[in-house]
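Subject: Structure for you to look at

Hi,

Here is the structure I said I would pass on. Have a look at it first, and then read on for what I found in it.

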Amino acid sequence: ATSGALFVLFQDDDAFHFIAYLPVQGTLYELDGLKRGPIALATGISCEADWLRAVGPHIAQRMERYAAGEVRFNLLAVCGDRQALLQQQ
């Protein structure tokens with residue numbers, strides 16, 4: 001099973017806009033606080049490397065849309081406790 005999430009924070013005119021990307025049961029989803037619900041971006045995600053490779057172009061594309069407008073971006077990765085994971089193995 002894959003774990004983790006990526007959060008992208010867009011700041012435009014002192015307003016903050018959070019977008020989360022996460023894999024759930026083999027599907028990569030975008031959770032955008034300004035949209036009605038989750039958006040499926042990719043399927044067939046079977047491991048951590050798959051979803052990280054799949055999410056990269058989506059994040060880059062969104063950042064390119066705002067690049068000319070001087071919007072600031074922050075990227076935050078949330079993941080499980082690596083030590084606990086290793087102890088379980």
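Let's start with the whole chain: 28% of its 89 residues are buried. Please keep in mind as you read that this is a predicted model. The accessible surface adds up to about 6200 Å², and carbon and sulfur atoms account for 54% of that. In terms of secondary structure, you'll find 2 helices and 5 strands. Going from the N terminus, the order is β-β-β-β-α-β-α. As for how the chain folds back on itself, take the contacts between residues at least 6 apart in sequence: 44% of them join residues at least 24 apart.

Now the core. The largest nonpolar core has 9 residues: Ile19, Tyr21, Leu28, Ala42, Ile45, Trp51, Ala54, Val55 and Ile59. Two elements, β2 (15–24) and α1 (48–67), each give two or more residues to this core. The largest share is from α1, which puts in 4 residues. As a general point, nonpolar side chains in soluble globular proteins tend to be buried together.

Next, have a look at β3 and β4. Strand β4 covers residues 39–43, and 4 bridges join β3 to it in an antiparallel arrangement. The two strands make a hairpin, with 6 residues between them. If you want to check the register on screen, Tyr29 sits opposite Ala40 in β4, and Thr27 has Thr43 as its bridge partner in that strand.

Thr27 is worth a click of its own. This residue belongs to strand β3, which spans residues 27–32. Is Thr27 buried or exposed? With a relative accessible area of 13%, Thr27 is buried, because anything under 20% counts as buried. Its contacts, leaving aside neighbours within four places in sequence, are Leu22, Ala40, Ala42, Thr43 and Ile45. Two of the names in that list, Ala42 and Ile45, also appear in the nonpolar core.

One step back along the chain is Gly26, in the loop between β2 and β3. Gly26 is buried too, at 18% relative accessibility. Not counting residues up to four places away in sequence, Gly26 touches Ala42, Thr43, Gly44 and Ile45. For Gly26 and Ile45, the C-alpha atoms are 4.3 Å apart in space, although the two residues are 19 apart in sequence.

Then there are the charged residues. The structure has 5 salt bridges, and I'd like to point you to a group of them. Which residues are linked in a network of salt bridges? They are Glu30, Asp32, Lys35 and Arg62. Here is how the network is put together:

- Arg62 and Glu30 form a salt bridge, with 3.1 Å between the closest N and O atoms. This pair links distant parts of the chain, as Arg62 is in helix α1 and Glu30 is in strand β3, 32 residues apart.
- Asp32 and Arg62 also meet in a salt bridge, at 3.8 Å from N to O. Again the pair links distant parts of the chain, with Asp32 in strand β3 and Arg62 in helix α1, 30 residues apart.
- Lys35 and Asp32 form a salt bridge as well, the closest N and O atoms being 3.8 Å apart.

How much of this network is covered? Arg62 is buried, with a relative accessible area of 5%. Glu30 is buried as well, at 6%, and so is Asp32, at 7%. Lys35, by contrast, is partly exposed, with a relative accessible area of 42%. The cut-offs explain that label: Lys35 comes out as partly exposed because 42% lies between the 20% limit for buried and the 50% limit for exposed.

If you only have a minute, I'd suggest looking at two places. One is the hairpin of β3 and β4, with Thr27 paired to Thr43. The other is Arg62, which has salt bridges to Glu30 and to Asp32.

Cheers

Conventions
Residues numbered from 1 in each chain as written. Predicted model: local features only at pLDDT ≥ 70, side-chain atom pairs only at ≥ 80, totals over all residues. Heavy atoms only, no water. Core = buried A, V, L, I, M, F, W, Y, C linked by side-chain atoms within 4.5 Å. Buried < 20%, exposed > 50% of the residue type's maximum accessible area, 1.4 Å probe, protein only. Contact = heavy atoms within 4.5 Å. Pairing = 2+ DSSP bridges. Areas by Shrake-Rupley, 256 points an atom, 1.4 Å probe, with all protein chains shown as cover. Salt bridge = Lys/Arg side-chain N within 4 Å of Asp/Glu carboxyl O.
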